[in-house]
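The exercises below ask you to work through cysteines, cores and enclosed spaces in turn. Try each task on the display before you read its solution.

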Amino acid sequence: MSVLRPNLFRGSVAIVTGGGSGIGRAITYELLTLGCKVVIASRNAERLEKAAKELGEVGDVTSIPCNIRKEEEVQALISQALEKYGKLDFLVNNGGGQFMSPVESMSLKGWNAVVETNLTGTFLMCREAYNQWFKANGGSIVNIVADMWRGFPMMAHTGAARHAVVNLTQSLAIEWAEDGVRVNSVAPGMVESSTAAANYGKEANVFDVVKEYLPTKRTGVPDEVSSVVCFLLSPGASFISGTTIKVDCGSSLYTRLMWNIDNHDKLPAYQWIPKPKL
Ligand code: ADE
């Protein structure tokens, strides 16, 4: 069960990009359990459809394939969602992607692809949702960024793009306040998910290695992000806009050089979504 009130989002409609896997799937799952209707969108139509079938057991979910880098596809996504459900309350920009590489060997094509997906895609989604619905009706947007606060070595492209989304969040919160639109971001720390694992490759289990360097001595789980996203979308966050909430249990503040935290198990995961069978 979500920590939020049952039926909190009954009658509401959300679009979640990247809503079929990883953190996006957890967000979709929690929204559905709270009664929200959800449109999930991402590039891979087949995987998206499969996820929609599974999530359809939980609530009313529709999959619409969309490459968020493409203006016409984003415009079509928003209009199809509005056609289907007649309204839009929430937009969660979770869809993104990157690959590991030092800057010295990063191609311009690779750089542009990551910036276009993570920054331009978010811009296009926000603008279209606003122009087609939020401007006249209000709404709430949450952008998912990353733990890029102290730079993002080996992932400089996504670090730059996602920090830019933090600033975009601030600009939009001011530009759209008079229309009743709140815009916030969530910055997850090391959260273990299928999507994240694909990013980091299969050679070494990065999550096992990194645990030691986290204040929690464990990685996060997607449900720990979705609960914060749902809170930000909810009326409980009616006085929050333009902010970015770090969901990292302090990892962005911590370096072992400054302060050592011995191994402990005092911050166990609150995991209410069963782990998917692999
Ligand atoms: N997820 C990763 N890349 C994407 C893209 N270009 N469009 C939609 N979802 C994505």
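**Exercise 1.** Work out why Cys249 forms no disulfide, meaning a pair of cysteine sulfur atoms within 2.5 Å.

*Solution.* Begin with the distance: the cysteine sulfur closest to that of Cys249 belongs to Cys230 and lies 19 Å away, which is too far for a bond. Next take Cys230, whose own closest cysteine sulfur is in Cys36 at 8.2 Å, again too far for a bond. A search of the whole structure accordingly finds zero disulfides. Before going on, note that this is a predicted model, in which local features need pLDDT of at least 70 and side-chain atom pairs count only at pLDDT 80 or more, while totals for chains, interfaces and linings use all residues. Residues are numbered from 1 along each chain as its sequence is written, and side-chain values use heavy atoms, with hydrogens and water left out.

**Exercise 2.** Decide whether Cys230 and Cys249 are buried, partly exposed or exposed.

*Solution.* Buried means under 20% relative accessible area, exposed over 50%, and partly exposed in between, with a 1.4 Å probe and protein chains only. Cys230 has 0% relative accessibility and is therefore buried, whereas Cys249, at 46%, is partly exposed.

**Exercise 3.** Find which residues have the most contacts inside the largest nonpolar core, and which element gives the largest share of it.

*Solution.* A nonpolar core is a set of buried Ala, Val, Leu, Ile, Met, Phe, Trp, Tyr and Cys residues joined through side-chain atoms within 4.5 Å. The largest one has 32 residues, and Phe9, Leu31, Val186 and Val229 have the most contacts inside it. Among the elements that give it two or more residues are helix 1 (22-33) and helix 8 (222-233), elements being DSSP runs numbered from the N terminus, with helices (H or I) of at least four residues and strands (E) of at least two. Helix 8 provides the largest share, six residues. Finally, look at Phe9: leaving out residues up to four places away in sequence, its contacts (heavy atoms within 4.5 Å) include Leu31, Phe90 and Cys230.

**Exercise 4.** Identify the residues that line the largest cavity, and the helices that each supply at least two of them.

*Solution.* On a 1 Å grid over the protein atoms alone, a cavity is a set of points where a 1.4 Å probe fits but cannot get out, and lining residues have an atom within 4 Å of a point. The lining consists of Asn93, Gly95, Asn118, Thr122, Ile144, Arg162 and Val165. Helix 4 (108-137) and helix 5 (156-175) each supply at least two lining residues.

How values were computed. A disulfide is a pair of cysteine sulfur atoms within 2.5 Å. On a 1 Å grid over the protein atoms alone, a cavity is a set of points where a 1.4 Å probe fits but cannot get out, and a pocket is an open set with protein on both sides within 12 Å along at least five of seven lines; lining residues have an atom within 4 Å of a point.
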